[in-house]
Amino acid sequence: GYTVDNYYLSKIPSSKNKGKLTVLYATQPWVGDGIIDRRRYIEFLFKLFTILKQIDCNIIIKFHPRDNDKMYKNILKKLNIENVVYSYKSPPFFIEDIKKSDVLLTHMSGICYESILAG
């Protein structure tokens with residue numbers, strides 16, 4: 001996740017949203033599963049969402065069924081990011097949300113396969 005570069009993201013043309021890039025971030029319950037400590041993950045999320053704020057894109061956050069949405073919402077509130085759509089849908093209902101996005105950011109998820117199927 002630390003390889004995300006706002007220069008390259010800002011150069012991706014949006015074919016779906018009248019020129020404004022839409023980024024889909026699919027969460028994983030890394031903190032709840034004990035894979036990464038909460039402080040480090042929050043630090044990562046602050047960096048990620050700061051980059052997304054800088055490029056002024058639309059954001060869709062697809063929550064993993066076992067993930068805690070409060071952590072993400074608190075960070076977005078602190079960064080004053082309002083152009084966010086939250087999705088709690090599961091496949092196959094989530095395909096329509098995938099089709100609205102230009103870029104998928106995820107750590108490791110079955111959503112990668114769903115994105116391929118969604119085109």
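**Reading a predicted α/β chain**

From the N terminus on, the elements of the protein chain run α-β-α-β-α-β-α-β-α. The model is predicted.

Student: How many helices and how many strands are there in the protein chain?

Tutor: We can follow the elements from the N terminus on, where the order is α-β-α-β-α-β-α-β-α. Counting the two kinds of element in the protein chain gives five helices and four strands.

Student: Is the β-α-β crossover from S2 to S3 right-handed or left-handed?

Tutor: Strand S2 and strand S3, which covers residues 84–87, run parallel and are joined by four bridges. Within this pair, Ile60 stands opposite Val85 in S3. The chain crosses from S2 through H3 to S3, and this β-α-β crossover is right-handed.

Student: Which side chain of opposite charge is nearest to Asp67, and how far away is it?

Tutor: Asp67 has its place in the loop between strand S2 (58–62) and helix H3 (69–78). Although Asp67 is buried, it has no salt bridge, since a salt bridge needs the nitrogen and the carboxyl oxygen to lie within 4 Å. The nearest side chain of opposite charge is Arg38, at 7.7 Å.

Student: With which side chain does the side chain of Asp67 make a polar contact?

Tutor: Leaving out residues up to four places away in sequence, Asp67 touches Thr27, Gln28, Pro29 and Tyr72. The polar contact of the Asp67 side chain, at 2.9 Å, is with the side chain of Thr27.

Student: Is Leu104 buried, partly exposed or exposed?

Tutor: Leu104 lies in strand S4, residues 103–106, and, with residues up to four places away in sequence left out, it touches Leu24, Ala26, Ile111, Cys112 and Ser115. Its C-alpha atom is separated by 7.5 Å from that of Ala26, although the two residues are 78 residues apart along the chain. Buried would require under 20% relative accessible area, and because the value for Leu104 is 27%, this residue counts as partly exposed.

Student: Why does Asn80 count as exposed, and what is the relative accessible area of Asp56?

Tutor: Asn80 lies in the loop between H3 and S3, and its phi is near 60°, a positive value in a residue other than glycine. Exposed means over 50% relative accessible area, so Asn80, at 52%, counts as exposed. Asp56, in the loop between helix H2 (38–54) and S2, also has a positive phi, near 50°. Asp56 is partly exposed, because its relative accessible area is 48%.

Key. Residues are numbered from 1 along each chain as its sequence is written. This is a predicted model: local features need pLDDT of at least 70, side-chain atom pairs count only at pLDDT 80 or more; totals for chains, interfaces and linings use all residues. Side-chain values use heavy atoms; hydrogens and water are left out. Buried means under 20% relative accessible area, exposed over 50%, partly exposed in between (1.4 Å probe, protein chains only). Lys and Arg count as positive and Asp and Glu as negative; His and the chain ends are not counted. A polar contact is a pair of N or O atoms within 3.5 Å; within protein, one must be able to donate a hydrogen and the other to accept it, and residues adjacent in sequence count only if both atoms are side-chain atoms. Contact means heavy atoms within 4.5 Å. Two strands pair if DSSP finds at least two bridges between them. A crossover is right-handed if, with the strands pointing away from the viewer, the path from the first strand over the helix to the second runs clockwise.
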